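Q: I am new to this structure and would love a close look at one exposed spot on its surface. Could you start there and then guide me inward?

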Amino acid sequence: MGARDFGGGAGAELSARFAAEVDWSKVVDPYTSERYGPDLLERLWSPDRRTADDAHDALHFACCGDGGSVRPAAFEVLTFLVEAVRDPAVKVRPHLLSTLADLARAGNGARTAAPDPKPGGWRPPAPAAWPAVWERAVDALLPGLADDAEDVRAGPVTVLAQAALRADEVVDRFRARFEDEPERAVAERLVLGVGELAARAETRRDEAVAWLRQRASDPGKGEEPDLDEDIDAWIAWTEHHGHDVRLSAIAALRRALPGRPDPADARTAADVLLRPSPADAARYRGDRALYVAHVTDADAGFGRDLPGRLAFARQLLRHETAAHHEGGLRVAANLMSRWRPAVPELLPEVAEFVDHADAVNRAFALRVLAMCGVAARPWADRVAAHLAVDDEPHEPARRHALWALGRMGDDRCVGPLAAGLLSGRATGFASWAPSVSTCAWEVSDLNYPEALGGFADRVETLLGPLLARARAASSFERGAYYAILRRWHEKGGPVVERLTRLLDEDETLVEAAQALRMLGAGPVAAAHRDRLRESLGPPRFWPDVTRVDPFVHFALTGDGEPLLALLRSPGESRFPELSAEATDRDRVRACAALGPLASGSADWLRGLFREALREKPRSPSSAPKDAVERARALWRVTGDAEEVVPALMELTADSARKAHTTPGGVQPLLLLAEVAATHPPVAGRVARRLYATARARIEGGCRSEALEILRALWKLTRDGRRTAPALVELVRICPPGGYPPTIVEPLELLAEVAAADPRCAADAAPRVRRLLDADERPVSHGQWRAVLSDEAVLAAVRTVVDAAREAGAQR
């Protein structure tokens, strides 16, 4: 019985095969380890769409996890997934085709990926027998190119475009199908598939590229010519039955010939988009997003041709429709994020759209001005005219006008920002700054820390609204708002004075105390000791908005009695509630905070520390459980470095000999540096270990650990000639964007080192100076924070170059 005979269910024969041909011990959920049975496949054929959807979701995770691997379950059930795709009764055929495409991509990745040279390196996994199983699936999927359903017909194209081992054969099948394909969307997908396969083809590669070149220059049947005006054109038109797939063909050529863009292709794409056929114009009127997507894809085809891309952007910005303008704004933003000279070239034209009739384009233009920061100050008055509801009814535009003024340093945004903090409503501004440097055009990076952080001179206006927002926020978010206070404090704002006054008010006592603790302001509230004691509560992982944490109390008053209570039994304590809820971790923290005041607990700490050293580490890259925290507490209580240094040296013994994370990780090293700063006899030994370990981490690509260790080395030695060369090497391996550290963070530390020790800048400056002279920004492009990150790069490099010049003048 064929798969097409099963109607509304899988059928008895197929169900029997599910049980007999699948090793169900291998079909498990990779995240929960739940095992499945034959009923999972049976449910794919369910007439109930939700049941079939749930079965597909489970099969997807079992077969390829998040889409990046081929798991053993795929080997077992692939045959039946293909049969389900071929059965019109299955309601989730397009979803299954998507899963098959994920498996195909992952399988190709596993076949071609080289092993990661780093210990513990990852490569896409797939069973050894997977290629043979996949080849059988290709044979079964090829007939789907002629399926009656357009969405199902398009699905096999995406999957078969990954048939790397059969590329020559499938290229021929795609080209043949293109000639008979009635739907343009499927025809476009076939063209892209040819490009994908041409890069892997052996005998058909040149032929496929030539075919794509022909499609890239062929406008298809387009608009029918007038028979009375041009008989020859009409005859030619009637004989031609192709689709206009020029944009898809150009994109396919980039896949077939990566790194070899043809300027003629880019010009063709621009021409197609600036002067679309009547059919395409109607298509784009109904789908503006599709037009913009085609514009940005075409722009990418220009590659490094900056003059051509600038001209393309200007043509779009000067065209007549909102869709053209949106495409032009996207292209302009992309260019300004990549090329420094693009800002003076395009910013004046983008600024004209701040007052545009189309609200979406108005908001985007304001956002581009915000991206450019101080360079957009000449248009600050026009931006400020969009702050009020009466003047700007579009809320996203008002929001981006605020953001732009904040990025320019214009304090006309302060009042509206304060009002937003007090409103209690969602404002579009996040409480945390982005944790990564990539916020693409579809993702907003608006946030309060950066919007408010530069206005330390406006504390009187902003402090109350900020505390009100923090009071209503979650414990997690509250820390972000307090961090803004710390930034104002570091810039000289009168934050401590204002917060200390708030300690006199019952309703603001606790939040003012917590905020002062976050500032690290020291014991500034001794006079409020008794008031703070009345509100004491046990320590919490997240601060309690109604109680004062004993650690906060000690930091602000210097009064250690509540913390000492954590070290006593409830019957011996003046604060039995604190003692009753204290854990060993709280007690260790208390000892570390109290230092010599907790000398009575020294023996207890010694026992805990030795116990931690005997425990097996939680992982090969971590120190024994709690060993570092207990070592820090013991050292601070006794003041005896020799009690902890030998054990810490042993924990870090292998750190400098291996290029990857070693047992003990980075924390024991950082504590060693902290101890060595107060114990000169070991400072030289610790500094050498820090330096050697940092070098090993750079060699192994462990950027984050390398940067942490180099910070500690600089703090310990203040020796730029030792620290700067390693930082230059770290700059070399850091990426332009993504999760920190990127190229920005080590450059900023290098600038700090060079400014304090100009002698080291002479060798470093020539190796980083190129970053000043480049037209292309050395940071991630195509995202809102590119200019901000590049400005940080420029400021850091200028500091290094200036330090080198100063050192040269002194010689």
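A: Phe541 sits in the loop that links α28 (529-534) to α29 (550-557); helices here are DSSP runs of H or I with at least four residues, strands are runs of E with at least two, and both are numbered from the N terminus. Phe541 counts as exposed because its relative accessibility is 75%, and the cut-offs are under 20% for buried, over 50% for exposed and partly exposed in between, with a 1.4 Å probe and protein chains only. This is a predicted model, in which local features need pLDDT of at least 70 and side-chain atom pairs count only at pLDDT 80 or more, while totals for chains, interfaces and linings use all residues. Residues are numbered from 1 along each chain as its sequence is written, and side-chain values use heavy atoms, leaving out hydrogens and water.

Phe541 has company on the surface: together with Trp432, Phe476 and Trp542 it forms a nonpolar patch with about 520 Å² of accessible area in total. Such a patch joins nonpolar side chains (Val, Leu, Ile, Met, Phe, Trp, Tyr) within 5 Å, or like charges within 9 Å, from residues with over 30% relative accessible area and no salt bridge. A salt bridge is a Lys or Arg side-chain nitrogen within 4 Å of an Asp or Glu carboxyl oxygen, and the areas come from the Shrake-Rupley method with a 1.4 Å probe, counting only the protein chains shown as cover for residues.

Now let's head inside. Leu578, in helix α31 (residues 576-581), is buried, with a relative accessible area of 2%. Its C-alpha is 4.9 Å from that of Pro538, although 40 residues separate the two along the chain.

Stepping back, the protein chain has 43 helices and 0 strands. Of its 811 residues, 52% are buried, and the C-alpha trace spans about 100 × 70 × 60 Å along its principal axes.

Some helices are well covered. In α17 (residues 322-338), 15 of the 17 residues are buried. From first to last C-alpha, α17 reaches 24 Å, close to the 24 Å expected; that expected span is 1.5 Å times one less than the number of residues. Arg330 belongs to α17 and is buried too, with a relative accessible area of 14%. The Arg330 side chain makes a polar contact of 3.0 Å with the side chain of Glu442, meaning N or O atoms within 3.5 Å; within protein, one must be able to donate a hydrogen and the other to accept it, and sequence neighbours count only if both atoms are side-chain atoms. Helix α7 (residues 150-160) is largely enclosed by the rest of the structure, because 8 of its 11 residues are buried; among them are Val152, Arg153 and Leu160.

Helix α10 (residues 205-217) has two faces to compare. Its buried residues are Ala208, Val209, Trp211, Leu212, Arg215 and Ala216. They lie on the same side of α10, because they cover an arc of only 160 degrees around the axis, judged by the directions from the helix axis to the C-beta atoms. On the face turned away from that buried side, you will find the exposed residues Asp206 and Ser217.

A last stop joins two loops. Ser780, between α42 (770-773) and α43 (786-810), is buried at 14% relative accessible area. A polar atom of the Ser780 side chain lies 3.2 Å from the backbone nitrogen of Gly737. Gly737, between α39 (720-733) and α40 (744-756), is buried at 13%.
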